[in-house]
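Reader: Hi! I'm in my first year and still learning how to read protein structures. Could you pick one part of this one, look at it closely with me, and then show me how it sits among the rest?

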Amino acid sequence: MSASRDSSPAVRHPLDPLTADEFVAVAAILRRDQGVEPASGAPGSASGWRFAAIEMIEPSKADLVAFEDGGPPPPRRAEVTCFDRSANATYKSVVSLTEGRVETFDHVPGVQANFTVDEFAECDQMLRAHPDVIAALRSRGVTDMDLVFFDTWTYGDAVAPPEYRDRRIGWSDSWVKAAPGANPYARLISGLHCVIDLNAMQLLRIEDEGPFAGGQPTPEVMGEYVPAHIPERILNASTRERITPLHITQPEGPSFTLDGNLLRWQNWSLRVGFNHREGMTLHTVRYRDGDRERSIAHRMSFAEMIVPYRDPSPDHYRRTAFDIGEWGLGFMTTSLELGCDCLGEIRYLDAVLHNSKGEPYTITNAICIHEEDNAVLWKHVDHDIGAEVRRMRRLTISFHVTVANYEYLVYWRLYQDGNIECEVRATGIMVTTPLPPDAPNPNGTLVDERTYAPFHQHFLVARLDMDIDGSGNTVVMSESFAEPIGPDNPHGLSLVVRNTPLRTEGEARQDVNFGTQRAWKVVNPNVVTGLGAHPAYKLVPSGAIPPMFEPGSPVLERAGVIAHTLWVTPNHPDERWPAGEFVNQSVRDAGLSLWTAADRPIENTDVVLWYVFGIHHITRAEDWPVMPVDVVSFWLKPFGFFDRNPALDVVGTPPDACHTSTTSVHH
């Protein structure tokens with residue numbers, strides 16, 4: 001196994017993410033021209049500004065084409081969301097890095113910017129030092145503050161305390177470790193929650209309620225997963241045999257090349273991007289077909305992640321997370337380690353982000369790129385000529401995020417036959433809740449002594465800006481039907497496919513239907529292949545889950561996107577966030593539900609697909625104390641994009657690498 005980081009290109013590409021120097025320049029320009037001065041005092045001061053988000057404004061498709069045709073690079077520009085803590089006022093700005101000036105600086109009334117990592121850390125510091133919090137914990141028998149952890153969450157407006165809705169507020173869970181270094185998410189202090197003004201970093205009130213507030217003893221749980229803290233009785237009971245080492249080596253190096261952020265492998269090429277909100281993004285995905293570079297997608301990413309907990313109890317009724325809009329996957333991306341997170345001949349990309357003062361920092365090894373063997377690609381054994389078999393190789397591009405107690409591991413995979421797979425693995429620590437003796441737990445599963453894990457759902461929204469052989473595309477619903485028995489179908493064998501073009505946004509509000517094997521093809525009607533077809537890629541749904549909310553429910557009002565499996569919109573640079581740009585303390589959806597109400601035409605145009613999938617997590621005892629990965633995925637598969645199997649030219653395995661034996665053929 002070996003690893004190395006990317007090599008920097010001689011000339012930066014317009015899609016390359018912002019650098020550390022550019023983050024510094026953006027903050028300096030806003031400080032100079034608009035007085036955006038971050039607080040310099042100790043945490044707790046309500047004065048000063050915070051930078052919630054600094055992101056590169058990506059050039060338009062037309063600008064990219066002009067640049068690739070030899071034109072000048074488009075201007076480097078950044079979009080900034082910042083807020084004045086003393087006035088509780090949010091601003092959006094556009095800064096030209098090329099010209100060194102502020103282009104726009106506008107107040108956005110009535111919204112709250114995303115939470116920052118700095119605010120999360122400062123909340124914990126403030127609460128653990130507050131005398132009222134210390135007293136509340138002491139009344140419950142908790143006296144060692146070094147064992148206490150405060151986990152701050154955002155509010156939706158429907159569940160926010162009405163008297164504080166005009167402030168930037170959060171609420172906290174309280175947890176206590178069993179010992180120093182033990183799992184901080186193992187023992188919830190049920191019923192103890194704090195409401196915080198994040199601008200003033202001030203405790204507004206303590207909610208101390210429930211059966212355990214009176215001193216009733218909490219159950220003893222074994223919530224440890226680090227070997228040093230797992231009881232010997234459990235470790236000694238193990239009968240698992242040792243496994244031998246598994247080494248994956250490529251003595252000649254990997255088969256892909258990485259030039260800065262430009263990645264090439266097996267006819268594929270794409271650019272890897274990164275920003276604070278989406279984390280890793282994939283751009284200009286192309287496939288070399290003979291002497292042609294054919295476009296498949298302009299941009300692919302995750303645009304929102306919505307996690308409602310389906311438990312109305314006092315501990316959980318506020319617990320609905322918008323992990324991308326309220327926090328940002330980029331901010332929560334973690335460094336990857338060779339041999340643990342990635343295995344093989346690895347190449348890494350670092351990511352540069354900023355703190356709430358606008359100061360840059362680097363996430364080392366934020367993105368992992370490597371090849372994987374994936375069993376057989378294609379095979380046939382002929383009675384006369386014997387076997388022809390090809391091993392499947394795939395290229396995996398991945399990043400991992402830690403969202404408080406949960407981890408999400410994101411993998412985009414490219415295949416030699418033109419397939420694209422997107423896989424997400426969820427792992428980490430479930431939220432759990434202690435129960436009084438003989439208390440019911442209708443909204444969760446018992447996972448330990450008098451301890452349940454509430455049911456919840458993980459909705460992920462993939463934003464797919466597809467460009468199948470160009471930007472003029474139509475989305476077609478494809479379904480299979482069995483024809484009735486009749487004179488032309490006496491044995492009931494006839495299976496037909498019906499393709500229905502989706503012409504407007506209203507028609508494109510689509511739900512999964514496994515009974516008809518419903519899928520959606522992105523077709524270019526302006527191009528004809530050698531077989532007389534129109535090239536297409538098919539979105540093959542899997543992992544789609546129903547929202548299971550009544551119309552008008554607060555979660556559905558804020559996240560109308562989860563009401564359908566698929567949405568299709570005409571591409572618009574301002575339409576990036578399916579539940580709206582500002583979801584922190586939001587009242588209702590300002591995204592897809594609002595945009596698609598216009599029912600705009602989407603036929604033969606530059607379209608964006610929004611695919612909703614995820615995990616319906618009916619919790620298990622086997623998920624405790626650390627959850628084995630739960631895996632969901634979807635596929636983008638060529639459908640008439642090629643005239644034949646594009647993997648015919650994959651080279652066979654050298655004979656000296658195969659162990660042959662007598663082959664028999666059975667019919």
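**A close look at Glu278 and its surroundings**

Author: Let's start with Glu278, which is buried, with a relative accessible area of 1%. Please keep in mind that this is a predicted model. Why does 1% earn Glu278 the word "buried"? The label applies to anything under 20% relative accessible area, so Glu278 at 1% qualifies.

Where along the chain is Glu278? The residue is found in the loop between β12 (268-275) and β13 (279-289). Its side chain has polar company: a contact of 2.7 Å joins it to the side chain of Asn275, and another, of 2.6 Å, to the side chain of Ser301. Leaving aside residues up to four places away in sequence, Glu278 touches Glu55, Arg299, Ser301, Phe302, Leu329, Gly330, Phe399, Arg576 and Trp577. Ser301 thus appears both as a polar partner and in this list of touching residues.

For the wider setting, we can turn to the UniProt record. An unreviewed entry there lists "domain: Copper amine oxidase catalytic" at residues 246-648. That span is 3% helix and 48% strand, and its end C-alpha atoms lie 30 Å apart.

One name on the contact list, Glu55, leads us to another part of the chain. Strand β2 covers residues 49-56 and is an edge strand, as is β5 (101-108); each of them pairs on one side only. They belong to an open sheet of 4 strands, with the order β2-β3-β4-β5 and antiparallel pairing. From one strand to the next, the twist averages 20 degrees. β2 runs antiparallel to strand β3 (residues 77-84), and 7 bridges join the two. In one of these pairings, Met56 has Ala78 in β3 as its bridge partner. Helix α1 (residues 20-34) packs on this sheet and touches β2, β3, β4 (89-96) and β5, with its direction at about 70 degrees to that of β5.

Now for charged pairs. How many salt bridges does a search of the whole structure find? The count is 46. One of them brings together the side chains of Asp465 and Lys61, at 3.1 Å from N to O. Asp465 belongs to strand β24 (residues 456-466) and Lys61 to helix α2 (residues 61-68), so this pair ties together parts that are 404 residues apart in sequence. Are these two partners buried or exposed? Both Asp465 and Lys61 are buried. Salt bridges can also form a network, as they do in linking Glu372, Arg394, Arg413, Glu421, Glu423 and Arg425.

Another stretch worth exploring is residues 115-210, where an unreviewed UniProt entry places "domain: Copper amine oxidase N3-terminal". Here the chain is 23% helix and 28% strand, and the end C-alpha atoms are 29 Å apart.

Within that stretch, Glu119 and Arg168 meet through their side chains in a salt bridge of 2.9 Å, N to O. Because Glu119 lies in helix α3 (residues 117-129) and Arg168 in the loop between β6 (148-153) and β7 (169-176), the pair ties together parts that are 49 residues apart in sequence. Glu119 counts as buried at 0% relative accessibility, and Arg168 counts as buried at 1%.

The side chains of Arg140 and Asp208 form a salt bridge too, at 2.7 Å from N to O. Arg140 sits in the loop between α4 (131-139) and β6, while Asp208 is in strand β9 (residues 202-208), so here the parts tied together are 68 residues apart in sequence. Arg140 is buried at 16% relative accessibility, whereas Asp208, at 33%, is partly exposed.

That brings us to β6 itself. How many of its residues are buried? The tally is 6 of 6, so β6 is largely enclosed by the rest of the structure. In a regular strand, side chains alternate between the two faces of the sheet. Both faces of β6 are covered, with buried Val148, Phe150 and Thr152 on one side and buried Phe149, Asp151 and Trp153 on the other. β6 and β7 run antiparallel and are joined by 6 bridges. Among the paired residues is Phe149, whose bridge partner in β7 is Trp175.

To come back to where we began: Glu278 is buried, and its side chain makes polar contacts with those of Asn275 and Ser301.

How values were computed:
Residues are numbered from 1 along each chain as its sequence is written. This is a predicted model: local features need pLDDT of at least 70, side-chain atom pairs count only at pLDDT 80 or more; totals for chains, interfaces and linings use all residues. Side-chain values use heavy atoms; hydrogens and water are left out. UniProt positions are given in the numbering used here, feature names are shortened, and annotations may be inferred rather than shown by experiment. A salt bridge is a side-chain nitrogen of Lys or Arg within 4 Å of a carboxyl oxygen of Asp or Glu. Buried means under 20% relative accessible area, exposed over 50%, partly exposed in between (1.4 Å probe, protein chains only). A polar contact is a pair of N or O atoms within 3.5 Å; within protein, one must be able to donate a hydrogen and the other to accept it, and residues adjacent in sequence count only if both atoms are side-chain atoms. Contact means heavy atoms within 4.5 Å. Two strands pair if DSSP finds at least two bridges between them. Axes are lines fitted to C-alpha atoms, for helices over the stretch in contact, and angles run from 0 to 180 degrees between N-to-C directions.
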